[in-house]
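User: I'd like a close look at a single part of this model, the open sheet and what surrounds it. Could you walk me through that region and then add whatever else stands out?

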Amino acid sequence: FDASLSMQWEKLERSYQALEALLRSLRPADRFNVLVFNSEVAGFAPAPQPVTPEAIESALGFLKAQKLRGGTNLNLALQAGLAQSGPASYLVLISDGGATEGGVRNSRIQELYARQWNALAAERRPRTYVYGVGDDANGPLLQMLARQNGVME
């Protein structure tokens, strides 16, 4: 979940609604975590958690307590997401894709992510779902990231 300054106002509200709908659609057999990023990454939990109504409410509370600040370090966020992937997992990126830190060239970000994704054992490679937010979303980058067995909306 992108919590950088570029996600202010409507983009933040739409992102929150998308994440809330996603979390509420999870099944009891699923596991989840919420990683919030800007210049740094903060996790709701150290590892994916079982889905319970209480865990979802706690995750949403954690998200609401985060401050919008700093730039957007997509490389750091994607690396943190991949570190938590497991069998049959999904990495869902909710962002405008406007990288401003940790590598900002689209091709470099995509190459690094593809390399890290391919370095995982095949059963640990997550499907990469990307939700691009805002009319200024970096569509080319977000579409490239979704090439890792995923989709971009």
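Analyst: Here's a walk through the sheet, then the loops beside it, and then the aromatic rings.

Keep in mind that this is a predicted model. The sheet is open and has three strands in the order S5-S6-S7, with parallel pairing. S5 (90-95) and S7 (151-152) sit at the edges with a single partner strand each, so one side of each has no neighbour in the sheet.

Let's take the two pairings in turn. S5 and S6 run parallel and are joined by six bridges. Serine 95 is a good place to look here, as it stands opposite glycine 132 in S6. On the other side, S6 (residues 127-132) is tied to S7 by two bridges, again in the parallel sense. Pick out valine 130 and you'll find that its bridge partner in S7 is methionine 152. If you're following side chains along these strands, one general point helps: in a regular strand they alternate between the two faces of the sheet.

How does the chain get from S5 to S6? The route involves helix H4 (residues 106-119), and S5, H4 and S6 together make a right-handed β-α-β unit.

Now for the loops. Just past S6, valine 133 lies in the loop that leads to helix H5 (139-145). Is valine 133 buried or exposed? With a relative accessibility of 0%, valine 133 counts as buried, because the cut-off for that label is under 20%. Its contacts, leaving aside neighbours within four places in sequence, are Met7, Lys11, Arg14, Ser15, Ile94, Ser95 and Asp96. Two of those names tie back to the sheet, since S5 covers 90-95 and Ile94 and Ser95 are among the residues that valine 133 touches. Valine 133 can also be set against glycine 97: the two are 36 residues apart in sequence, yet their C-alpha atoms are 8.2 Å apart in space.

On the way into S5, have a look at serine 85, which lies in the loop between helix H3 (74-83) and that strand. Serine 85 is buried too, at a relative accessible area of 6%. A polar atom of its side chain lies 2.9 Å from the backbone oxygen of leucine 82. Not counting residues up to four places away in sequence, serine 85 touches Leu120, Arg124 and Pro126.

Then there's the stretch between H5 and S7, where asparagine 149 is found. Asparagine 149 isn't a glycine, but has a positive phi of about 55 degrees. Its relative accessible area is 41%, which makes asparagine 149 partly exposed. Tryptophan 9 also has a positive phi of about 55 degrees without being a glycine. Tryptophan 9 belongs to the segment before helix H1 (10-24), and with a relative accessible area of 70% it is exposed.

Away from the sheet, the rings deserve a visit. The structure holds three aromatic pairs. One of them joins phenylalanine 32 and phenylalanine 44 in a stacked arrangement, 6.0 Å centre to centre with 10 degrees between the planes. That pair links distant parts of the chain, with phenylalanine 32 in strand S1 (residues 31-32) and phenylalanine 44 in the loop between strand S3 (41-43) and strand S4 (49-50), twelve residues apart. Phenylalanine 32 is buried at 6% relative accessibility, whereas phenylalanine 44 comes out as partly exposed at 22%.

Phenylalanine 44 also pairs with phenylalanine 62, and this time the rings are tilted: 6.1 Å centre to centre, 55 degrees between the planes. Again distant parts of the chain are linked, as phenylalanine 62 sits in helix H2 (residues 53-65), 18 residues from phenylalanine 44. At 17% relative accessibility, phenylalanine 62 counts as buried. Put together, the ring pairs link Phe32, Phe44 and Phe62 into a cluster.

One last ring to check is tryptophan 117: the charged end of arginine 125 sits over it, 5.3 Å from the ring centre. Tryptophan 117 falls within H4 (residues 106-119), the helix of the β-α-β unit, which brings us back to where the tour of the sheet began.

Technical notes. Residues are numbered from 1 along each chain as its sequence is written. This is a predicted model: local features need pLDDT of at least 70, side-chain atom pairs count only at pLDDT 80 or more; totals for chains, interfaces and linings use all residues. Side-chain values use heavy atoms; hydrogens and water are left out. Two strands pair if DSSP finds at least two bridges between them. Helices (H or I, at least four residues) and strands (E, at least two) are DSSP runs, numbered from the N terminus. Buried means under 20% relative accessible area, exposed over 50%, partly exposed in between (1.4 Å probe, protein chains only). A polar contact is a pair of N or O atoms within 3.5 Å; within protein, one must be able to donate a hydrogen and the other to accept it, and residues adjacent in sequence count only if both atoms are side-chain atoms. Contact means heavy atoms within 4.5 Å. Rings of Phe, Tyr and Trp (its six-membered ring) pair if their centres lie within 6.5 Å; planes under 30 degrees apart count as stacked, over 60 as edge-to-face and the rest as tilted. A charge sits over a ring if NZ of Lys or CZ of Arg is within 6 Å of the ring centre and within 35 degrees of the ring normal. A crossover is right-handed if, with the strands pointing away from the viewer, the path from the first strand over the helix to the second runs clockwise.
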